Amino acid sequence: MIFVTVGTHEQPFNRLLVAMEDLVVRGIITDRVVIQSGYATAVAPHCEVTDFLSNQGMQQAMQSADTIICHGGPATFMQALALGKRTIVVPRQMAFREHVNNHQLTFARQVAQQGYPLTVVNDVAELATIFTAARDVPHQLPSQTHQFNQQLTAAIRRMGVSS
């Protein structure tokens, strides 16, 4: 199962829903796709779409998923990594009126540059290539919670942020 979450920010993230629907319709994705759509106005009739999930519902969906595709909210993609899930981050972008600035893109790229096993997608058209190329890659990655926490703490300290 692929779980897609766009978070709860009030600006719609239609770009990701449209891309996921297209991948399913074209047969590039054949897995079950569950989407938490937030305030999106786009429809994805070939996916299982719910606007908002409870915290428990989010936890269950993330646990059940082989792959998690999410917005660039750090708490979301850090949780996906901690669970050892294949994590694809599609940050909300100001150019598409999905957020007020590009902080999600900047932060996700910095985390990826630190060596964390996440894929940052700037253009949703890249998703077709990612899913086509990833068919032979194991879905479940080993949990890296301890290593992730240590590296994230060190990175935050390097940025001059105190805890």
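The following paragraphs lead through a predicted model, from its sheet to the helices, the nonpolar cores and the charged pairs.

The sheet is the natural place to begin. Six strands form an open sheet in the order S3-S2-S1-S4-S5-S6, and their pairing is parallel. Strand S3 (48-50) and strand S6 (118-120) occupy the edges; each has a single partner strand, so one side of each has no neighbour in the sheet. From one strand to the next, the twist averages 15 degrees. In general, strands of a sheet pair through backbone hydrogen bonds, in either a parallel or an antiparallel manner.

Two of the pairings can be followed in detail. Strand S2 (residues 33-36) pairs with S3 in the parallel sense over three bridges, and Gln 36 stands opposite Thr 50 in S3. S2 also pairs with S1, again in the parallel sense, over four bridges. Here Val 4 has Ile 35 in S2 as its bridge partner.

The side chains of S1 deserve attention in their own right. In a regular strand, side chains alternate between the two faces of the sheet. In S1, Ile 2 and Val 4 point one way, whereas Phe 3 and Thr 5 point the other way, and all are buried.

Two helices may now be placed against these strands. Helix H1 (residues 14-25) packs on the sheet, where it touches strand S1 (2-5), S2 and strand S4 (67-70). The direction of H1 makes about 170 degrees with that of S2. Helix H2 (residues 55-64) lies across S1, S2 and S4 and runs at about 140 degrees to S1.

The nonpolar interior comes next. The largest nonpolar core comprises 26 residues, and those with the most contacts inside it are Leu 16, Met 20, Val 33, Ile 69, Val 90, Leu 127 and Phe 131. At least two residues of this core come from each of S1, H1, S2 and helix H5 (126-133). H1 gives the most, with six residues. Leu 16 illustrates how separate parts of the chain meet: beyond its neighbours within four places in sequence, Leu 16 is in contact with Val 4, Val 6, Ile 69, Val 90 and Leu 127. Another core, of 18 residues, lies apart from the largest one and includes Phe 77, Ala 80, Val 89 and Leu 152.

Helix H5 can be read by its two faces. Leu 127, Ala 128, Ile 130 and Phe 131 are buried in H5. These residues lie on the same side of H5, because they cover an arc of only 165 degrees around the axis. An α-helix has 3.6 residues a turn, so residues three or four places apart point the same way. The face of H5 turned away from the buried side carries Thr 129 and Ala 133, which are exposed. As for the partners of H5, its buried residues pack against S1, H1, S4, strand S5 (86-89) and S6.

The charged pairs complete the picture. Across the whole structure, a search finds three salt bridges. In one of them, Glu 98 pairs with Arg 15, and the closest N and O atoms are 2.7 Å apart. This pair links distant parts of the chain, 83 residues apart: Glu 98 lies in the loop between S5 and helix H4 (103-113), and Arg 15 lies in helix H1. Glu 98 has a relative accessible area of 2% and is therefore buried. Arg 15, at 12% relative accessibility, also counts as buried.

A further salt bridge joins Glu 48 to Arg 32, with the closest N and O atoms 2.7 Å apart. Here too, distant parts of the chain are linked, since Glu 48 is in strand S3 and Arg 32 is in the loop between H1 and S2, 16 residues apart. Glu 48 counts as partly exposed because its relative accessibility is 39%. Asp 22 forms a salt bridge with Arg 26, in which the closest N and O atoms are 2.8 Å apart. At 33% relative accessibility, Asp 22 is likewise partly exposed.

One backbone feature remains to be described. Most residues other than glycine have a negative phi. Arg 97, by contrast, has a phi near 60 degrees, a positive value in a residue other than glycine. Arg 97 is found in the loop between S5 and H4. With a relative accessibility of 69%, Arg 97 counts as exposed, whereas Glu 98 is buried.

Note on methods:
Residues numbered from 1 in each chain as written. Predicted model: local features only at pLDDT ≥ 70, side-chain atom pairs only at ≥ 80, totals over all residues. Heavy atoms only, no water. Pairing = 2+ DSSP bridges. Axes fitted to C-alpha atoms, helices over the stretch in contact; angles between N-to-C directions. Contact = heavy atoms within 4.5 Å. Core = buried A, V, L, I, M, F, W, Y, C linked by side-chain atoms within 4.5 Å. Buried < 20%, exposed > 50% of the residue type's maximum accessible area, 1.4 Å probe, protein only. Arc of directions from axis to C-beta. Salt bridge = Lys/Arg side-chain N within 4 Å of Asp/Glu carboxyl O.
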